Amino acid sequence: MEDFKALNINENIVAGLEKQGIVCPTFVQEKMYAPVLEGKDVIAVSKTGSGKTLAYLVPIFMRTDISLRSAQAIIIAPTHELASQIHKQAQLLSENSGMDIRSALIIGSAGMPRQIEKLKEKPHIIIGSAGRIHDLIKRRKIAAHTVKTIVVDEADRMLDDQNIEALKAVIKTTLKERNIVMASASFGKKAIERAKELAPEAVEIKEETAGKMPESIKNCYIIADKRKRVEEIRKIIHGEKAKKALIFIDDPDEVETICMKLNYHGIKAAGIYGLAGKEERKNAVNSFKEGRSQVLVATDIGARGLDIPDVTHVINLDISEEPVYYLHRAGRCGRQGKEGTVISIISARQMKWIRLYEKTFGVKFEQKEMSYGKLKDAQEVKKPNVKKITNNGRKKPESDKKTVKADKKAPVRSKREKGHK
């Protein structure tokens, strides 16, 4: 489709999108618009960076009755960072379009009294975490019966064992007439089954490239000792001249340590992890987005939905046996057709996961090594020759070896035998 006007979208919204440089709808934006606007349930699977946020925000804006001072949509996200990003996009669209559609960010780590004050302004859209939103519904601070649309972003994550009950609790507080929109870059078998339980008649939208590795991303791995990981990071950052690099690690306790070591060596780094305070996480992400930090060290909370422009490199210090985790991490770079490089620093034992990724995504992972400040193919890097030396430091000549070997086989003759002969 040539532009948003062909979708019969409100002219103010079209003008607002143009101010962001967004003129033509993506596949998922084109396909989601009509069913969401018509109040149908939707399950949408689309690759990272394909514009899913606007795919549901635009029809929500079109459905919103500005004259009513009540919550008309709830958008649930698995991480505070993603919820904050969605909130900023909703605010930007409201401002650029000149439409007085208000939104409120409701997340668990923020002070509840302040959030209650925001809710007194009667926002049209509630964005945040399922647990805190449900809590405020129970306290009658959010009127769930006026909600017409529930959006579940990064739905596969929200439908997992850890989050499903909190999500269901929010849905149960709303009327049956509302529609549920579930969107993600990947949907496993279990997540699809649960999604269909919540919305049996949902319109299913799937982009052909969803769940596949973008062609713009180069996938590499380096085999290195765990103790040398930070040294490898330094070499990669300098050698690749990485302008913006996201480093993923499983253990939240190591995030701050990695940041400290990188900062000590002159690489500006910030970190985010689940137990960090709201302001700390917000400042770290903003510092990275605005270029004040060259590196952002994160657990998997940074792998879901974060849209940070111009990330050139993703470096994995830990990898998972689940390919979907790799896909979401890798999707932070190489967005919107730009080139990106993913480098996983692994042990020899973790090669089985690299092989699994290759089979799952149908792509070849290249083994690399840092050599003389450059990232090179491992096969091209010449290994130093280890020569055998004698005790006095000189190489033992081949003739000496043969002589010694021959002497060992020769029988020992006594002096008497020699004299008799």
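**Entry 1: a pair within one helix**

I began with lysine 235, which at 33% relative accessibility counts as partly exposed, and I note at once that the model I am reading is a predicted one. I then looked up glutamate 231, which is also listed with a relative accessible area, here 34%, and is partly exposed. The side chains of glutamate 231 and lysine 235 meet in a salt bridge, at 3.4 Å from N to O. Both residues sit in helix α10, which covers residues 229-240, and they are 4 residues apart, about one turn of the helix. As a reminder to myself, side chains of opposite charge can pair when their charged atoms come close.

**Entry 2: a buried pair**

Next I turned to arginine 329 and aspartate 300, whose side chains form a salt bridge at 2.9 Å, N to O. Because arginine 329 lies in helix α13 (residues 323-330) while aspartate 300 belongs to the loop between β11 (295-298) and β12 (313-316), the pair ties together parts that are 29 residues apart in sequence. Are these two residues buried or exposed? I found that arginine 329 and aspartate 300 are both buried.

**Entry 3: a pair between a loop and a helix**

I counted the salt bridges of the structure as a whole and have 20 of them in my notes. One that I followed up joins the side chains of aspartate 161 and arginine 194, with 2.7 Å from N to O. Aspartate 161 is in the loop between α7 (155-158) and α8 (164-172), and arginine 194 is in helix α9 (residues 189-198), so this salt bridge ties together parts that are 33 residues apart in sequence. I checked the surroundings of each partner: aspartate 161 is exposed, its relative accessible area being 55%, whereas arginine 194, at 18% relative accessibility, counts as buried. I also saw that Lys190 belongs here, since Asp161, Lys190 and Arg194 are linked in a network of salt bridges.

**Entry 4: the sheet**

I then traced the strands and found an open sheet of 7 strands, in the order β3-β4-β2-β5-β6-β1-β7, with parallel pairing. Its edge strands are β3 (103-106) and β7 (203-206), each of which pairs on one side only. From one strand to the next, the twist averages 15°. Helix α2 (residues 27-37) lies across β1 (42-45), β6 and β7, and I recorded that α2 runs at about 170° to β7.

**Entry 5: strand β5 and its neighbours**

Which strands are joined to β5 by bridges? On my list, strand β2 (residues 73-76) runs parallel to β5 and is joined to β5 by 4 bridges, while strand β6 (residues 179-184), also parallel, is joined to β5 by 5 bridges. To place these by residue, I noted that isoleucine 75 has valine 151 of β5 as its bridge partner, and that isoleucine 150 has isoleucine 180 of β6 as its bridge partner. Strand β2 also pairs with strand β4 (residues 125-128), in the parallel sense and over 4 bridges, where the bridge partner of isoleucine 76 is glycine 128.

Why do I describe β5 as largely enclosed by the rest of the structure? I do so because 5 of the 5 residues of β5 (residues 149-153) are buried. Looking along the strand, I saw Thr149, Val151 and Asp153 pointing one way and Ile150 and Val152 the other way, all of them buried.

Terms used:
Residues are numbered from 1 along each chain as its sequence is written. This is a predicted model: local features need pLDDT of at least 70, side-chain atom pairs count only at pLDDT 80 or more; totals for chains, interfaces and linings use all residues. Side-chain values use heavy atoms; hydrogens and water are left out. Buried means under 20% relative accessible area, exposed over 50%, partly exposed in between (1.4 Å probe, protein chains only). Helices (H or I, at least four residues) and strands (E, at least two) are DSSP runs, numbered from the N terminus. Two strands pair if DSSP finds at least two bridges between them. A salt bridge is a side-chain nitrogen of Lys or Arg within 4 Å of a carboxyl oxygen of Asp or Glu. Axes are lines fitted to C-alpha atoms, for helices over the stretch in contact, and angles run from 0 to 180 degrees between N-to-C directions. Contact means heavy atoms within 4.5 Å.
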